[in-house]
Amino acid sequence: MTSATHLVGTRWEPIARRTVEEAVGCPIPGWNLCAASSIVMEVDSGQPLPNGNQPMMWLILSGTITAMVTIKGKSHIAGYHQKGDIFLNTTPHEFSELLGLPANHQILESPLALARQRGLAKENSIIVGTPIRLLSALGKRHPEWHRFSTVALLRLVAYHMHREYQLLTMSTEERYLAFLQEYPRLAARLSQREVAQYLGLTPVGLNRVVSRLRQRGAIPRPAENTA
């Protein structure tokens, strides 16, 4: 079940404002307008993030959102976003709204837009959604909001570059160890299939990676894990 309410006046409003101001590095003007037009949602595990007619940018206040992409009709796990992260459904509509581009702009034909990233709650999560159209309007009036939108896009690009770096330069063992370091709490909650898909492996391949790392003492054996 997913429930939603207006952000303004809730206990989540000051947390959301602090997170935004930390992202831009300064107090942000026009916050009251933003809060009045934003919603806070409680999304149960397994439920998708809304993807309606009004494109939204989502700020994750708690929980974990799985980023899913569709390539050649098949869904893949692109990554996981947690507290403090910004999530954007990367459809051409969202990019067009955020960047103020015409619907036929060539960037909307890029793999990032065509992959159509969407969010799925991996666990019960609290998220705040703000209309992208409002963020664009605030960005034209206040440089601080323009900076926030730029930061959101840079985080998106940086995240994908980080994933590309891991897939292109790291061995399977290195990728698994990096996953454990980046998502220590989440690692214990994911199924073997989910971890394998995130790492670009089959479940059998992941088993072999884990066995080799245990033999080398890089990770504990099950009986030694007292956590």
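A disulfide is a pair of cysteine sulfur atoms within 2.5 Å. The exercises below apply this cut-off and a few others to the structure above, which is a predicted model.

**Exercise 1. Cysteines**

Task: Find how many disulfides the structure holds, and explain why Cys26 is in none.

Solution. Begin with the sulfur of Cys26, whose closest cysteine sulfur belongs to Cys34 and lies 14 Å away. Next, compare that distance with the cut-off of 2.5 Å; the two sulfurs of Cys26 and Cys34 are too far apart for a bond. Taking the view from the other side, Cys34 is in no disulfide either, since the nearest sulfur to its own is that of Cys26. A search of the whole structure accordingly gives 0 disulfides. As for its surroundings, Cys34 has a relative accessible area of 2% and is therefore buried.

**Exercise 2. Two aromatic pairs**

Task: Decide whether the rings of Trp31 and Trp145 are stacked or tilted, and do likewise for Tyr80 and Tyr198.

Solution. The whole structure contains 7 aromatic pairs, and two of them are worked through here. For Trp31 and Trp145, the ring centres are 6.4 Å apart and the planes meet at 10°; because planes under 30 degrees apart count as stacked, this pair is stacked. Now place the two residues on the chain: Trp31 belongs to helix α2 (residues 31-37) and Trp145 to helix α6 (residues 143-169), so their pairing ties together parts that are 114 residues apart in sequence. Both Trp31 and Trp145 are buried.

For Tyr80 and Tyr198, the centres are 5.6 Å apart, and the angle of 45° between the planes makes the pair tilted. Tyr80 sits in strand β5 (residues 74-81) and Tyr198 in helix α9 (residues 192-199), so here the parts tied together are 118 residues apart in sequence. Tyr80 and Tyr198 are buried as well. Widening the view, these two tyrosines join Phe179 and Tyr183 in one aromatic cluster, while Arg163 lies over the face of Tyr198 at 3.9 Å from the ring centre.

**Exercise 3. The nonpolar cores**

Task: State which residues touch the most other members of the largest nonpolar core, and which element gives it the largest share.

Solution. The largest nonpolar core has 28 residues, and those touching the most other members are Leu7, Trp31, Met57, Trp145 and Phe148. To see where the core comes from, list the elements that give two or more residues to it: α1 (13-24), α2, β3 (56-62), β6 (86-88), β8 (125-131), α5 (132-141) and α6. The largest share, 5 residues, is that of α6. Taking Met57 as an example, and setting aside residues up to four places away in sequence, its contacts include Ile86, Leu98, Val128, Leu135 and Phe148. Apart from this core lies another, of 20 residues, which counts Phe179, Tyr198, Val209 and Leu213 among its members.

**Exercise 4. Leu98 and Ser149**

Task: Decide whether Leu98 and Ser149 are buried or exposed, and describe what they touch.

Solution. First locate Leu98 in helix α3 (residues 92-99) and Ser149 in helix α6. Buried means under 20% relative accessible area, so Leu98 at 10% is buried, and Ser149 at 9% counts as buried too. Then turn to contacts, leaving out residues up to four places away in sequence: Leu98 touches Met57, Leu88, Ile132, Ser136, Ser149 and Leu153, whereas Ser149 touches Leu98 and Leu135.

**Exercise 5. Helix α7 and its surroundings**

Task: Name the buried residues of helix α7, and find which residues Thr172 contacts.

Solution. In helix α7 (residues 172-182), the buried residues are Glu173, Arg175, Tyr176, Ala178 and Phe179, and their cover includes α6, α8 (184-187), α9 and α10 (203-216). Thr172 lies in α7 too, but with a relative accessibility of 22% it counts as partly exposed. Beyond its neighbours within four places in sequence, Thr172 is in contact with Leu201, Val209 and Arg212. Finally, consider the annotation: UniProt, in an unreviewed entry, lists residues 183-219 as "domain: HTH crp-type". Over residues 183-219 the chain is 70% helix and 0% strand, with its end C-alpha atoms 15 Å apart.

Note on methods. Residues are numbered from 1 along each chain as its sequence is written. This is a predicted model: local features need pLDDT of at least 70, side-chain atom pairs count only at pLDDT 80 or more; totals for chains, interfaces and linings use all residues. Side-chain values use heavy atoms; hydrogens and water are left out. Rings of Phe, Tyr and Trp (its six-membered ring) pair if their centres lie within 6.5 Å; planes under 30 degrees apart count as stacked, over 60 as edge-to-face and the rest as tilted. Helices (H or I, at least four residues) and strands (E, at least two) are DSSP runs, numbered from the N terminus. Buried means under 20% relative accessible area, exposed over 50%, partly exposed in between (1.4 Å probe, protein chains only). A charge sits over a ring if NZ of Lys or CZ of Arg is within 6 Å of the ring centre and within 35 degrees of the ring normal. UniProt positions are given in the numbering used here, feature names are shortened, and annotations may be inferred rather than shown by experiment. A nonpolar core is a set of buried Ala, Val, Leu, Ile, Met, Phe, Trp, Tyr and Cys residues joined through side-chain atoms within 4.5 Å. Contact means heavy atoms within 4.5 Å.
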